[in-house]
Amino acid sequence: MTRLKENDVEPIATTLVGYNEDLLRMTGCSLRELAAQASGKEIDYLVNRNPLVAVIPMTCGEGIIEGFVESVASIISYLGSRTVITKISDAGGVAEAIQLGAEILFMADDDRFVAINIRTGKVSDNGEATGKGYVAGLERMCQGLNGKNVLLLGAGPVGNSAALALVRYGAQVTVFDVNISASQRLKGAIEELGYNVQVETNLESALTGHQIFVDACPAENVIQLRHISQATRIAAPGIPLGVPELEVKQLLTDRLLHDPLQIGVATMLLEVL
Ligand code: 2YG
C-alpha cells in the first residue's frame, strides 16, 4: 500500500476545474459521471438528499499527511456535497462528526482509507473504489473494452477490484505481479465469479504484447517508451506513476489516466450513497 506524500496531494484542491476538463477530454465524461458509472449510482441522489460528509484526520501510525484531509474534502465538495473537516482528529473527530449530523464519514489510517455511511452501514474502501473508478475511465477512453486484451499490472487490492471490473466489461484480462502467488490468487477469485483471467510471468513479453494497460502497481518506470504505440491507453491508479513521467507523458497526452486521489475518492462517495 503506497503512502501518499504531501506534494502528491497539495495541488489537488486548486486544480480540480482543470483536472475535470482534462478528464472530459480524455474520457468524454466528468469526474461526477465517471464515479456514477463506476458505482452504478446516479449522482442526483447526492443533490436531493445532500447528506453532510465529514472528513476526519487520523493521527495514528505515521500520522497526518499535510493536505490529505483538505484534498479529500475539496474533491467531495467539488462533486456537490456538503462537506466538513472535523476540528478534532481520531475518536474525538468521529464524535464531532456525528454531533454535526454527518451521515457519511471519510477517514484514513496507514492501512485503510474508508468511507462509511452511518445510516445504511455501507462501507467503501479506497483500493476497491479506485480499481472500479479507473476501469470505468479506461472503458470510456477505449470506447468500450468488450473483447479487448488488457494487461493488468499488480494483483493487490486495486488490481483485484480492477480485474473484476474489467471482466465485467468483457475485457480479456492478463495479470502480471512480481509475486506469482498474488496473480494466482487473483485468478482464482475471478474464476469463482465465473470469469477467466490469464496469468503472465514474463513482464517484457506481457508489455510488448498489449496496448491497453491498467498499472495498479507501486513500481516506477515499468511501462517504457518501447512498449508504447499509437494504440496505447493506460489507466494508472498506482502511485508513483509507473511510466517514465517526462518523455512518455507528452507521447501519451490524453491517453494516460493518472491522479493521486480524485477518481478513488469520487467513486468512494457514490459507492456509499
Ligand atoms: O489523516 C491523515 O492525514 C492520515 N492518517 C492519512 C494517511 C493516509 C495513508 N494512506 C495513503 O496514503 C494511501 N493508501 C491513500 C490512497 C492512495 C490513493 N489510491
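## Close-up views of a predicted model

**View 1. A salt bridge between Arg 226 and Glu 204.** Arg 226 and Glu 204 form a salt bridge, with their closest N and O atoms 3.0 Å apart. Arg 226 sits in the loop between β9 and β10, while Glu 204 belongs to helix α10 (residues 203-208), so this pair ties together parts that lie 22 residues apart in sequence. Arg 226 is exposed at 58% relative accessibility, whereas Glu 204 is partly exposed at 32%. As with every view here, please keep in mind that the model is predicted.

**View 2. Strand β9 and its two parallel partners.** Let's move to the strand that precedes the loop of Arg 226. Strand β9 (residues 212-215) sends Ile 212 and Val 214 one way and Phe 213 and Asp 215 the other way, and all of these residues are buried. Strand β6 (residues 149-153) runs parallel to β9, and four bridges join them. Within this pairing, Leu 152 has Val 214 of β9 as its bridge partner. Strand β10 (residues 233-235) also pairs with β9 in the parallel sense, over three bridges. Here Phe 213 has Ile 234 of β10 as its bridge partner.

**View 3. Ser 124 and its surroundings.** Ser 124 is found in strand β5 (residues 123-125). How buried or exposed is Ser 124? Its relative accessible area is 0%, so Ser 124 counts as buried. Beyond its neighbours within four places in sequence, Ser 124 touches Phe 113, Val 114 and Ala 115, together with Ala 129, Met 268, Glu 271 and Val 272. Although Phe 113 is eleven residues away along the chain, its C-alpha atom is separated from that of Ser 124 by 8.6 Å.

**View 4. A salt bridge from strand β5 to a loop.** Staying with β5, we find the side chain of Asp 125 meeting that of Arg 112 in a salt bridge (2.6 Å, N to O). Asp 125 is part of strand β5 and Arg 112 lies in the loop between β3 (104-108) and β4 (113-117), so the salt bridge ties together parts that are 13 residues apart in sequence. Asp 125 counts as buried at 17% relative accessibility, while Arg 112 is partly exposed at 43%.

**View 5. A salt bridge within helix α2, and a network elsewhere.** Which residues meet in a salt bridge of 3.3 Å, N to O? They are Asp 22 and Arg 25, through their side chains. Because these two residues are three apart in helix α2 (residues 16-27), about one helical turn separates Asp 22 from Arg 25. Asp 22 is partly exposed, at 33% relative accessibility, and Arg 25 is exposed, at 51%. Salt bridges also link Arg 3, Glu 62 and Asp 110 in a network. Across the whole structure, a search finds eleven salt bridges.

**View 6. The ligand and the residues around it.** The ligand has 14 residues around it, and those that come nearest are Leu 4, Met 58, Ile 65, Ala 108 and Asn 126. Backbone atoms approach its nitrogen atoms at several points. A backbone N or O atom of Met 58 lies 2.8 Å from a ligand nitrogen, and Ala 108 likewise places a backbone N or O atom 2.8 Å from a nitrogen atom of the ligand. For Gly 63, a backbone N or O atom is 3.5 Å from a ligand nitrogen. On its own the ligand has 510 Å² of accessible area, of which the protein covers 94%.

How values were computed: Residues are numbered from 1 along each chain as its sequence is written. This is a predicted model: local features need pLDDT of at least 70, side-chain atom pairs count only at pLDDT 80 or more; totals for chains, interfaces and linings use all residues. Side-chain values use heavy atoms; hydrogens and water are left out. Buried means under 20% relative accessible area, exposed over 50%, partly exposed in between (1.4 Å probe, protein chains only). Contact means heavy atoms within 4.5 Å. Two strands pair if DSSP finds at least two bridges between them. A salt bridge is a side-chain nitrogen of Lys or Arg within 4 Å of a carboxyl oxygen of Asp or Glu. A residue is near a molecule or strand if one of its heavy atoms lies within 4 Å of it. A polar contact is a pair of N or O atoms within 3.5 Å; within protein, one must be able to donate a hydrogen and the other to accept it, and residues adjacent in sequence count only if both atoms are side-chain atoms. Accessible areas come from the Shrake-Rupley method with a 1.4 Å probe; for residues, only the protein chains shown count as cover.
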